Amino acid sequence: MHNFAIFFASIFTGNILLTTYLGMCSFLSVSKELKTSLGLGAAVVFVMATTTPLNWMVYQWLLIPFGLEYLRFIVFIIVIAAFVQLTEMALERYSEGLYQALGIFLPLITVNCAILGASLFMVIREYTLATSFFFGLGSGIGWALAIVAMAGIRQKLKSAKIPPGLEGPGITLVIAGFMAMAFMGFSGMIALT
Amino acid sequence: MAKSKLRKTFVEPLGKNNPVFVQILGICSTLAVTNKVQNTMVMTLGVTFTTALSSWTISLLRNHIPSRIRMMVETMIIAAFVIIVDIVLKAFYPEMWKQLGPYVGLIITNCIIMGRVEAFALNNKPLPSLVDGFASGLGYTYVLLSIAVVRELLGSGSIWGIRILGSWWTNWSIMIMPPGGFFVLAIIIWVIRETVMKEESHA
């Protein structure tokens with residue numbers, strides 16, 4: 001039950017993009033096209049759902065026993081980078097179609113703050129292994145949901161008249177603000193702790 | 001000659017090449033803490049420190065880093081400086097460290113740092129790189145601080161935790177919640193682009 005609460009809370013009320021602003025850089029630059037944002041969203045879901053429990057294992061079973069908690073930033077980022085690299089190589093070798101669809105997005109992901117952010121939140125909130133998987137999966141889905149919704153809205157906006165200074169990032173931020181308000185509407189139901 | 005070039009390196013990131021307005025880079029790690037001026041100050045100091053010193057270090061090593069693994073090396077150097085910030089905060093300001101939570105660690109993935117390293121430090125001498133990193137950090141600091149001042153003033157009626165507005169003021173609680181950050185940043189970008197940037201494109 002608890003895991004499901006965390007799962008839904010991390011998609012909606014605690015959406016990693018709309019409540020903690022993580023992953024803004026790629027959110028602002030990639031959300032122009034629906035198709036590319038779907039690809040990037042899928043890649044983020046996959047990487048977040050795997051690296052968060054992976055980092056949990058590394059942190060609990062390697063760093064804590066040796067008293068090396070302060071090295072977690074470096075270790076987490078290496079785990080994420082190595083995992084992304086391995087996935088890219090495996091995709092290239094075994095699945096041509098999937099590589100075409102996701103391959104180009106994978107390198108972008110290593111520097112996506114949301115991925116590292118999910119791992120750091122997992123440590124601070126002291127999740128268990130199962131919970132950290134659900135949290136990673138939910139956060140990834142939440143991020144993907146936000147970027148796909150934004151891409152859809154921005155495609156409609158192409159025909160709208162926007163003040164020149166507000167074009168591009170400006171209007172995207174305003175819409176993101178409204179989306180954040182909409183997602184906050186769920187907060188009476190479940191809270192992310 | 002060399003001096004005027006250094007000054008140019010210092011001034012550009014503050015104005016027309018400001019990392020936040022022009023490229024909208026690196027807001028991820030700090031925007032979340034801009035509901036309080038004090039937290040923002042600490043975070044942006046951390047970013048400035050890391051940007052300046054990692055630019056300097058990487059510039060020193062620029063001829064020795066193999067280009068194939070360059071990103072990895074850069075990330076490690078940046079992470080090392082962020083760990084220093086984290087340990088110092090934890091030791092001297094444990095309350096602040098607790099409030100900032102995961103955001104200190106997220107300085108590593110701040111795009112400004114990697115951006116300056118890739119665009120400037122890899123092709124320039126150590127001293128200009130240090131100046132460039134420091135100036136980019138300052139340019140970042142004043143934008144984020146102005147967001148924080150607006151949000152804390154309207155959202156809690158105070159600045160730096162000190163009550164400014166009297167009891168007649170009704171707090172705009174939306175300002176300290178996540179949507180407020182989006183709106184304030186959008187408005188600031190709008191104002192800057194309409195005024196400063198327009199003048200420059202006319203000139």
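Where in chain A does A:Tyr21 lie? That is the place to start with this predicted model, and the rest of my notes follow in numbered points.

1. A:Tyr21 sits in the loop that runs between α2 and α3 of chain A. Its backbone is worth a look: phi is positive, about 60°, although the residue is not a glycine. The side chain isn't hanging out in solvent either, as A:Tyr21 has 1% relative accessibility and so counts as buried, the cut-off being under 20%.

2. A:Glu126 also has a positive phi without being a glycine, here near 55°. You'll find A:Glu126 in the loop between α8 and α9 of chain A. Is A:Glu126 buried or exposed? It is exposed: the relative accessible area is 69%, and anything over 50% goes in that class.

3. Over in chain B, have a look at helix α8, which covers residues 126–156. It has 31 residues and reaches 43 Å from first C-alpha to last, close to the 45 Å expected at 1.5 Å a residue. Right after α8(B) comes B:Gly157, with a positive phi near 70°.

4. On to the pockets. The largest one has a volume of about 840 Å³, and 31 residues line it. Nearest its centre are A:Pro107, A:Thr110, A:Val111, B:Met71 and B:Met114, if you want some residues to click on. Elements giving two or more residues to this lining are α3 (24–30), α5 (72–94) and α7 (106–110) from chain A, along with α5 (70–92) and α7 (111–119) from chain B. Which of them gives the most? That's α5(A), with 6 residues. As for chemistry, the lining splits into 19 nonpolar, 10 polar and 2 charged residues.

5. The second largest pocket comes in at about 560 Å³. Of its 24 lining residues, A:Thr19, A:Thr20, A:Phe121, A:Arg125 and B:Tyr103 are the closest to the centre. The elements that supply two or more residues here are α2 (16–20), α8 (113–124) and α9 (129–157), which belong to chain A. The top contributor is α2(A), with 3 residues. By class, you get 13 nonpolar, 8 polar and 3 charged residues around this pocket.

6. How many cavities of 30 Å³ or more turn up? The count comes to 1, and the space in it is about 40 Å³. The lining takes in residues of chains A and B: A:Arg72, A:Phe73, A:Leu120, A:Ile124, B:Gly101, B:Pro102 and B:Gly105. From chain A, α5 and α8 each put in at least two of the lining residues. Sorted by class, the cavity lining has 4 nonpolar, 2 polar and 1 charged.

7. A:Arg72, one of the residues lining that cavity, deserves its own point. This arginine is in helix α5 of chain A, and at 13% relative accessible area it is buried. What is A:Arg72 in contact with, leaving aside its neighbours within four places in sequence? In chain A the partners are A:Tyr59, A:Leu63, A:Leu120 and A:Val123, and in chain B they are B:Asp86 and B:Trp97. A:Leu120 from that list also lines the cavity.

8. Last, the aromatics. Searching the whole structure gives 15 aromatic pairs over all chains. Take A:Phe178 and B:Phe183: why does this pair count as edge-to-face? The ring centres are 5.3 Å apart and the planes are at 65°, so the pair passes the cut-off of over 60 degrees. This one crosses between chains, linking helix α10 (residues 169–184) of chain A to helix α10 (residues 178–202) of chain B. B:Phe183 is buried, at 18% relative accessibility. Another edge-to-face pair is B:Trp168 with B:Trp169, at 5.9 Å centre to centre and 90° between the planes. The two partners differ in burial: B:Trp168 is exposed at 62%, whereas B:Trp169 is buried at 18%. In chain A, one aromatic cluster is formed by A:Phe4, A:Phe7, A:Phe8, A:Phe133 and A:Phe134.

Methods: Residues are numbered from 1 along each chain as its sequence is written. Chains are lettered from A and ligands numbered from 1 in the order in which they are written. This is a predicted model: local features need pLDDT of at least 70, side-chain atom pairs count only at pLDDT 80 or more; totals for chains, interfaces and linings use all residues. Side-chain values use heavy atoms; hydrogens and water are left out. Helices (H or I, at least four residues) and strands (E, at least two) are DSSP runs, numbered from the N terminus. The expected span of a helix is 1.5 Å times one less than its number of residues. Rings of Phe, Tyr and Trp (its six-membered ring) pair if their centres lie within 6.5 Å; planes under 30 degrees apart count as stacked, over 60 as edge-to-face and the rest as tilted. Buried means under 20% relative accessible area, exposed over 50%, partly exposed in between (1.4 Å probe, protein chains only). On a 1 Å grid over the protein atoms alone, a cavity is a set of points where a 1.4 Å probe fits but cannot get out, and a pocket is an open set with protein on both sides within 12 Å along at least five of seven lines; lining residues have an atom within 4 Å of a point. Grid points are joined across faces, edges and corners, and a volume is the space filled by probe spheres set on the points. Ala, Val, Leu, Ile, Met, Phe, Trp, Tyr, Cys and Pro count as nonpolar, Asp, Glu, Lys and Arg as charged, and the others, Gly among them, as polar. Contact means heavy atoms within 4.5 Å.
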